[in-house]
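Q: Please look at the sequence and the model shown here, so that the terms used to describe them can be questioned one by one.

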Amino acid sequence: MTPNLVPSAYRGVAVARVRGPLTESGLRRFLLGREAYRRTRFLVVRDDGDRTALLRVVKESDEPLFSPIVSVEVLGPPGECAFVRAPEADTAVPSTMARIALSRAPGVRAVVVEGRYGHVSFIVDPEPLRLAVQEIVPPEPPKLLDQVRRLLEVAEDLPPIEPVADTVGFQALASRAPAARYLLPCGGSGVSVAGASTLYLDQRPEFQEWTLLGCARSREIHQWFYGMQAESVEICPRSRARDPRVPTLTKCCLLEDRIEQADGAVVVPWGATLEQVREALRIVARRWEPSWRPV
Ligand SMILES: [Zn+2]
């Protein structure tokens, strides 16, 4: 079965209470022939011992307001189904559903969540796409990772995605070329390197002997300002080594308004807007989860 089964936009999830312990045959006996509302497609059934089962039901017809249930498919039998209350969670967002399922009911196949507005939804076999997000720190959290997290909080139309930080610090980059003085791209980032003095390219300081911690664009600017190249350490996340099998989102100093796919990664501009990051996440989803569909 495909992982990350969630109901589609019109969820049609109803909750029913039954007395007595839930068993598969008992559930069928209880439900077959009973009337269900026109838009009900899934039933969360809870018993008085707070056990939960998740069912897909088919009705005789979807036309009248209510119609008898004619078939019952158990998506989550009582032993493999959890009910989680998470009042802060938007249950329409697959990434949120997967995060809550894995953190609050780890190892459980079918997780029903009662979230914001009292809405109830579910996820079966949560297995979010782990997306490596390549960035440099500081700032902490790095901008691209923070943008991805903020977008996933409201992404109703994307498969479950779990961003995984793949960051490198300026300190570590500096240690590749030990020097007494470093030139960094931008003073606003508040970056410093322990045991060395730091100057910032965007402040166009008087030329000194330094090692540039920068990207291709910084090297171009250095050439423009000083008429020569400095010794430098490449910091562009795009240039970092990566495993092409690992879904990766990265950024590049040389991209200004395009999103590219290259070297096993989706690449956004260095200063990508939220809208560009959203488009990049859509590309990630099409590329790595092309068959995912809500049911
Ligand atoms: Zn670059």
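A: Leaving aside its neighbours within four places in sequence, Leu31 is in contact with Val57, Ile69 and Val72. The model in which these contacts are found is a predicted one.

Q: Where is Leu31 found, and why does Leu31 count as buried?
A: Leu31 is found in helix α1, which covers residues 24-31. A residue is called buried if 20 or more other C-beta atoms lie within 10 Å of its own, and Leu31 has 20 C-beta neighbours inside 10 Å, so Leu31 counts as buried. As for its place relative to Leu43, the two residues are 12 apart along the chain, and their C-alpha atoms are separated by 9.8 Å.

Q: What makes Asp50 exposed?
A: The term exposed is kept for residues with 12 or fewer other C-beta atoms within 10 Å; Asp50 has 7, and therefore is exposed. Asp50 lies in the loop between β3 (42-46) and β4 (52-59), and has a positive phi of about 65° although it is not a glycine.

Q: How do you know whether Asn4, in the segment before β1, is buried or exposed?
A: Counting the other C-beta atoms within 10 Å of Asn4 gives 23, and because the cut-off for a buried residue is 20 or more, Asn4 is buried. The segment that holds Asn4 comes before β1 (13-17), and phi of Asn4 is near 60°, a positive value in a residue other than glycine. Apart from neighbours within four places in sequence, the contacts of Asn4 include Pro94, Ala98, Ile123, Asp125, Pro159 and Trp292. Phe66, 62 residues away along the chain, has its C-alpha atom 29 Å from that of Asn4.

Q: What makes α2 mostly covered, and what do its buried residues pack against?
A: Eight of the 11 residues of α2 are buried, and on that count α2 is mostly covered. The buried residues are Pro94, Ser95, Thr96, Met97, Ala98, Arg99, Ile100 and Ala101, and they pack against β6 (81-85), β7 (110-114), β8 (120-124), α3 and β10.

Q: Which residues of helix α3 are buried, and why can they be said to line one face of the helix?
A: In α3, residues 143-152, the buried residues are Leu144, Leu145, Gln147, Val148 and Leu152. Seen down the axis of α3, these residues fall within an arc of 160°, so they line one face of the helix. Their cover includes α2 (94-104), β9 (129-137), β10 (161-169), β15 (248-252) and α6 (274-288).

Q: Why is α3 called roughly perpendicular to α6?
A: The axes of α3 and α6 come within 10 Å and cross at roughly 70°. Angles from 65 to 115 degrees count as roughly perpendicular, and that makes α3 roughly perpendicular to α6. In the contact, Leu144, Gln147, Val148 and Leu151 of α3 meet Leu274, Val277, Arg278 and Leu281 of α6; by class, the residues of this contact divide into six nonpolar, one polar and one charged.

Q: What is the form of the peptide bonds that lead into Pro138 and Pro139, and where are these prolines placed?
A: The bond from Val137 to Pro138 is cis, with omega near -10°, and the bond from Pro138 to Pro139 is cis, with omega near 10°. Pro138 is found in the loop between β9 and α3, and the place of Pro139 is likewise in the loop between β9 and α3.

Q: How is the chain divided into domains, and how many residues bring domain 1 into contact with domain 2?
A: The domain assignment of the chain gives domain 1 (13-124) and domain 2 (128-290), with C-alpha centres that lie 43 Å apart. Eight residues of domain 1 are in contact with 11 residues of domain 2. The side of domain 1 that touches domain 2 has, by class, five nonpolar, two polar and one charged residues.

Definitions and conventions: Residues numbered from 1 in each chain as written. Predicted model: local features only at pLDDT ≥ 70, side-chain atom pairs only at ≥ 80, totals over all residues. Helix = DSSP H or I, 4+ residues; strand = E, 2+ residues; numbered from the N terminus. Arc of directions from axis to C-beta. Contact = placed C-beta atoms within 7 Å. Domains from an automatic or database assignment. Nonpolar A, V, L, I, M, F, W, Y, C, P; charged D, E, K, R; others polar. Axes fitted to C-alpha atoms, helices over the stretch in contact; angles between N-to-C directions. Parallel < 35°, antiparallel > 145°, perpendicular 65-115°, else oblique.
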